[in-house]
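The exercises that follow are meant to be worked through with the sequence and the structure side by side. Try each task before reading its solution.

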Amino acid sequence: MNRIGYLIGVTLVLAGLVHLGVFVVDGGPWEGAVSWRKPFTFGVSFGLSVLTLTWVSQFVRLRARQVLVGVFTLASVVEVALITLQAWRGVPSHFNMETALDTTITRALAAGGGVLVAIAITLTIAAFRPNPDLTPSMRLAVRAGFATLLAAMLFGAIMIARGVIEVVSGDQRLAYTVATTLKPAHAVFMHGILLLPALAWLLARALPTEALRLRLIRLATWTYTAFATAVSALAATGITIVSPSTASLLCAAAISGLAFTALALGITKAPPHPQPNPPNDD
């Protein structure tokens, strides 16, 4: 089952990168409701999320874990597919009520988002249950990671709610404007679920002392939280050096890049002593 999740996650990332190529060749605006940026960023982001949840959920004790991750993966595929479809049709994917088809797609995207939030909440609750199989440092990293994921989804829900309010009020153009302001806040919290467990995994293979690993994960958690909070505060007040879309891309790239660097370094190191392994469901 894990292999399927990894395969789908990689496929979504590749689909996103393909659309970056389409953007380079075809051109068009980077910003706005209709842009090749959307299938690119959503494909990569959802792909990373599927890869992350498939891996990190193994550190959570929950009987229905495979089912939840499977539903999360399916919902992610549907979200990316619908956003990509609308990009190729040359129409907005969100807050679009122009035709019956557009309305159906907009509502499907909102429903899919609700499914993702529900699964994230369920996994977060499970992560905070006692799990003696995990070291304290990994347990903290997983819990903090899921907490930041919920923060990201909260900002996403606020963005959607603000946009829907404007659509209902009759100003669909304004909906795209007000919904984008919190993009950096959503993005900066989104991939902490990958970064913190990746750091804990690296430290477990690099440092023999759990007390030191725990202190470092605490420091990393507070540092990341402070950075994400600062970015979110600036986004909420409308203070940006670059556009919200570009800022969100830079934040996501920086955090994911640090996480993959930690994973790559961890692969090159043998653990100093036997580590508790997550259950193998393959």
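**Exercise 1: burial in a short helix**

Task: Decide how far α7 is enclosed, starting from those of its residues that are buried, namely K183, P184, A185, A187, V188, F189 and M190.

Solution: Keep in mind throughout that this is a predicted model. The cut-off for calling a residue buried is a relative accessible area under 20%. By that criterion seven of the eight residues of α7 are buried, so the helix is largely enclosed by the rest of the structure.

**Exercise 2: the packing of α1 and α2**

Task: Work out which way α1 runs relative to α2, and describe the residues through which the two helices meet.

Solution: Begin with the geometry, in which helix α1, residues 2-26, packs against helix α2, residues 37-56, at an angle of about 165° and with the axes 7 Å apart. Because angles over 145 degrees count as roughly antiparallel, α1 is roughly antiparallel to α2. Next, take the handedness: the crossing of α1 past α2 is left-handed. Then turn to the residues, where α1 contributes N2, G5, Y6, G9, V10, L12, V13, G16, L17, H19 and L20 to the contact, and the α2 side includes P39, F40, G43, V44 and F46. Finally, sort the contact of α1 with α2 by class, which gives 14 nonpolar, eight polar and no charged residues.

**Exercise 3: the packing of α4 and α5**

Task: Carry out the analysis for α4 and α5, and find how the residues of their contact divide by class.

Solution: α4 and α5 pack at an angle of about 155°, and their axes are 9 Å apart. With the cut-off for roughly antiparallel being over 145 degrees, α4 is therefore roughly antiparallel to α5. The crossing of α4 past α5 is left-handed. On the α4 side the contact is made by L116, V117, A120, I121, L123, T124 and A127, and on the α5 side by V142, R143, F146, L149, L150 and M153. These residues divide into eleven nonpolar, one polar and one charged.

**Exercise 4: the nonpolar cores**

Task: Identify which members of the largest nonpolar core touch the most other members, and trace the elements that supply this core.

Solution: The largest nonpolar core holds 52 residues, and F72, V142, F146, L149, V188 and F189 are those that touch the most other members. Two or more residues come from each of α2, α3, α4, α5, α7, α8, α9 and α10, and α5 gives the most, with ten residues. To see one member in detail, take V142, which, apart from its neighbours within four places in sequence, is in contact with V56, F59, V60, A127, I193 and P197. A second, separate core consists of nine residues, among them F23, F40, V44 and A87.

**Exercise 5: residues in loops**

Task: For F95, N96 and G27, determine where each lies and whether it is buried or partly exposed.

Solution: F95 belongs to the loop between α3 and α4, and its relative accessible area of 8% makes it buried. Its backbone has a positive phi of about 60°, although F95 is not a glycine. N96 also has its place in the loop between α3 and α4 and is buried, with a relative accessible area of 1%. The C-alpha atom of N96 is 9.8 Å from that of V164, a residue 68 residues apart along the chain. G27, by contrast, is in the loop between α1 and α2 and counts as partly exposed, at 23% relative accessibility. Leaving aside neighbours within four places in sequence, G27 is in contact with V22 and W36.

Note on methods. Residues numbered from 1 in each chain as written. Predicted model: local features only at pLDDT ≥ 70, side-chain atom pairs only at ≥ 80, totals over all residues. Heavy atoms only, no water. Axes fitted to C-alpha atoms, helices over the stretch in contact; angles between N-to-C directions. Helix = DSSP H or I, 4+ residues; strand = E, 2+ residues; numbered from the N terminus. Parallel < 35°, antiparallel > 145°, perpendicular 65-115°, else oblique. Left-handed = near helix turned anticlockwise from the far one by under 90°. Contact = heavy atoms within 4.5 Å. Nonpolar A, V, L, I, M, F, W, Y, C, P; charged D, E, K, R; others polar. Core = buried A, V, L, I, M, F, W, Y, C linked by side-chain atoms within 4.5 Å. Buried < 20%, exposed > 50% of the residue type's maximum accessible area, 1.4 Å probe, protein only.
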